[in-house]
Amino acid sequence: LFLGIVLVAINPYEQLPIYEQDVIYAYSGQNMGDMDPHIFAVAEEAYKQMARDEKNQSIIVSGESGAGKTVSAKYAMRFFATVGGSASETNIEAKVLASSPIMEAIGNAKTTRNDNSSRFGKYIEIGFDKRYHIIGANMRTYLLEKSRVVFQAEDERNYHIFYQLCASSSLPEFKDLGLSKYWNLPVHLL
């Protein structure tokens, strides 16, 4: 549903065939509003304005936990990589959004809606060359949810790192972390 220049999307919690390569090509070159509302329509509009006006563009993806913000960002990047002719060259979607295991462990937690919910915001900058091909990207994180460290709602967990440390505390490598003196914490704090 488009509301002005805003796209309202709902996470269906299942894979749908509406994000395939042929759908990307169907939205490429179209005007926003000429086709059904879609993340690809928003991405196409930003891409066209970037090329036409030679000015930076922003797409803000907002929503509550489990709404599908990260997935929407992935689809927009897939669109840019495909229409910019760099999808096969760079595999931008995988390179930009592939969180390292350490970053995901420290910044993700189990919520009632998502077993691997990101508890921080992401700011992703995608660089394009003069031919509008993707040449690089940078992802910054911000607003780590600190309240989860001291409190979890029922049926939710703290950050994954605490559970991973508990599970590995008997391994020889654990001693190298210098955490042994702190590891006598009551389990309910973990």
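Q: Which residues of helix 2 are buried?
A: This is a predicted model, in which local features need pLDDT of at least 70, side-chain atom pairs count only at pLDDT 80 or more, and totals for chains, interfaces and linings use all residues. Residues are numbered from 1 along each chain as its sequence is written, and side-chain values use heavy atoms, leaving out hydrogens and water. Buried means under 20% relative accessible area, exposed over 50%, and partly exposed in between (1.4 Å probe, protein chains only). In helix 2 the buried residues are Ile39, Phe40, Ala41, Val42, Ala43, Glu44, Glu45, Ala46, Tyr47 and Met50.

Q: How far apart are the end C-alpha atoms of helix 2?
A: Helices are DSSP runs of H or I with at least four residues, strands are runs of E with at least two, and both are numbered from the N terminus. The expected span of a helix is 1.5 Å times one less than its number of residues. Helix 2 has 15 residues and should span 21 Å, which agrees with the distance between its end C-alpha atoms, 21 Å.

Q: Which residue follows helix 2?
A: Its phi is positive, near 50°. The residue after helix 2 is Glu54.

Q: How far apart in space are Val42 and Tyr27, C-alpha to C-alpha?
A: Val42 lies in helix 2 and is buried at a relative accessible area of 15%. In sequence, Val42 and Tyr27 are 15 residues apart. In space, C-alpha to C-alpha, the separation is 9.5 Å.

Q: How many aromatic pairs does a search of the whole structure find?
A: Rings of Phe, Tyr and Trp (its six-membered ring) pair if their centres lie within 6.5 Å; planes under 30 degrees apart count as stacked, over 60 as edge-to-face, and the rest as tilted. By this rule, the number of aromatic pairs is eight.

Q: Is the pair of Phe40 and Phe79 stacked or edge-to-face?
A: The ring centres of Phe40 and Phe79 are 5.6 Å apart, with planes at 25°. Phe40 lies in helix 2 (residues 39-53) and Phe79 in helix 3 (residues 69-83), so the pair ties together parts 39 residues apart in sequence. Phe40 is buried at 0% relative accessibility, and Phe79 is also buried at 0%. Given that plane angle of 25°, the pair is stacked.

Q: What kind of pair do the rings of Tyr47 and Phe128 make?
A: Their centres are 6.0 Å apart and their planes stand at 65°. The pair links distant parts of the chain, 81 residues apart: Tyr47 in helix 2 and Phe128 in strand 5 (residues 121-128). Tyr47 is buried at 12%, whereas Phe128 is partly exposed at 22%. With planes at 65°, the pair is edge-to-face.

Q: Which residues form one aromatic cluster?
A: Phe40 and Phe79 are members, and so are Tyr47 and Phe128. The full cluster is Tyr19, Tyr27, Phe40, Tyr47, Tyr75, Phe79, Phe80 and Phe128.

Q: Over the face of which residue does Arg157 lie?
A: A charge sits over a ring if NZ of Lys or CZ of Arg is within 6 Å of the ring centre and within 35 degrees of the ring normal. Arg157 lies 3.7 Å from the ring centre of Tyr163.

Q: In which sense do strand 5 and strand 6 pair?
A: Two strands pair if DSSP finds at least two bridges between them. Strand 5 and strand 6 (residues 134-142) share eight bridges, and Lys122 stands opposite Thr141 in strand 6. The sense of the pairing is antiparallel.

Q: Which residue in the turn of this hairpin has a positive phi?
A: Five residues lie between strand 5 and strand 6. The residue has a phi of about 65°, although it is not a glycine. At 22% relative accessibility, it counts as partly exposed. It is Tyr132.

Q: Is Asp155 buried or exposed?
A: Asp155 lies in the loop between helix 7 (147-150) and helix 8 (160-168). Its phi is positive, near 70°, in a residue other than glycine. At 58% relative accessibility, Asp155 counts as exposed.

Q: Which residues does Thr111 touch, not counting those up to four places away in sequence?
A: Contact means heavy atoms within 4.5 Å. Thr111 sits in the loop between strand 3 (108-109) and strand 4 (117-118) and is buried at 4% relative accessibility. Its partners are Ser65, Ser117, Arg119, Arg148 and Glu156.

Q: What share of the residues of the protein counts as buried?
A: The protein has nine helices and six strands. Of its 190 residues, the buried share is 28%.
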